[in-house]
Amino acid sequence: TKFEALRSNAEKYAEKNGNYPTVILLNFGELNEWKPRNDFSSDFLQVGGFEIISSPIFQDKIEAVQYLIAQQSAIICICSSDARYEQLIPELVPLIKKNKPLSFVILAGYPENKIDEYKSFGIDIFIHIKSNLYETLKEIQTINNIV
């Protein structure tokens, strides 16, 4: 099936690189803000053969970026609430892109009225309940040279 092909891509990547492609779930705020989107993102991305690293819970953007700099993976999925995203995205994402230039930043959620604005700050893709699972995972793999 199509999904087996995605997992096969991840396995080939692991054979070549010594580890599966990894996504860091970057958690912000209170438990009820980050946990639902962390759970969703983890399930969503694992279908594509991604290994998931769930970060500590951050309140501070600078600490989060310092954490990311120390991590090998350049694929990052931000998990929090739409309300928190409004303050977070305009400052956090440019900081990530500046300090980790090869990063690919996923936003868990689909804040409809903010899509273009968030893309302008550096969000590469959105994952949400209405996402086409296969097409989205294929795009993430392709852009990150996992195919």
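User: How are α3 and α4 oriented relative to each other: roughly parallel or roughly perpendicular?
Analyst: Happy to walk through it; keep in mind that this is a predicted model. The axes of α3 and helix α4 (residues 82–99) come within 10 Å and cross at roughly 30 degrees. Angles under 35 degrees count as roughly parallel. The two helices, α3 and α4, are therefore roughly parallel.

User: Which hand does the crossing of α3 and α4 have, and what kinds of residues make up the contact?
Analyst: The crossing of α3 and α4 is right-handed. On the α3 side, the contact includes Ile-62, Val-65 and Leu-68, and α4 brings residues including Leu-88, Leu-92 and Ile-96. Lys-61 of α3 and Glu-91 of α4 also take part. By type, the contact residues divide into 9 nonpolar, 2 polar and 2 charged.

User: Is Ser-73 buried or exposed, and where does it sit in the chain?
Analyst: Good one to look up in the viewer. Ser-73 belongs to the loop between α3 (61–69) and β3 (75–79). Its relative accessible area is 11%, and the cut-off for buried is under 20%. Ser-73 is therefore buried.

User: Which backbone atoms does the side chain of Ser-73 pair with?
Analyst: There are two to look at, and both involve polar atoms within 3.5 Å. In one, the backbone nitrogen of Ile-75 lies 3.1 Å from a polar atom of the Ser-73 side chain. In the other, that side chain reaches the backbone oxygen of Thr-22 at 2.5 Å.

User: Which residues does Ser-73 touch, leaving out those up to four places away in sequence?
Analyst: Thr-22, whose backbone oxygen is reached by the Ser-73 side chain, is one of them. The full set is Thr-22, Val-23, Ile-24 and Lys-100.

User: What is the phi of Asn-145, and is this residue buried or exposed?
Analyst: Most residues other than glycine have a negative phi. Asn-145 is not a glycine, yet its phi is positive, at about 55 degrees. This residue is placed in the segment after α6 (133–143). With a relative accessible area of 62%, Asn-145 is exposed.

User: How far apart in space are Glu-63 and Glu-117, and where is Glu-63?
Analyst: Glu-63 lies in helix α3, where it is partly exposed with a relative accessible area of 46%. Along the sequence, Glu-63 and Glu-117 are 54 residues apart. Going from C-alpha to C-alpha, the distance in space is 24 Å.

Technical notes
Residues numbered from 1 in each chain as written. Predicted model: local features only at pLDDT ≥ 70, side-chain atom pairs only at ≥ 80, totals over all residues. Heavy atoms only, no water. Helix = DSSP H or I, 4+ residues; strand = E, 2+ residues; numbered from the N terminus. Buried < 20%, exposed > 50% of the residue type's maximum accessible area, 1.4 Å probe, protein only. Polar contact = N/O pair within 3.5 Å; in protein donor to acceptor, adjacent residues only side chain to side chain. Contact = heavy atoms within 4.5 Å. Axes fitted to C-alpha atoms, helices over the stretch in contact; angles between N-to-C directions. Parallel < 35°, antiparallel > 145°, perpendicular 65-115°, else oblique. Left-handed = near helix turned anticlockwise from the far one by under 90°. Nonpolar A, V, L, I, M, F, W, Y, C, P; charged D, E, K, R; others polar.
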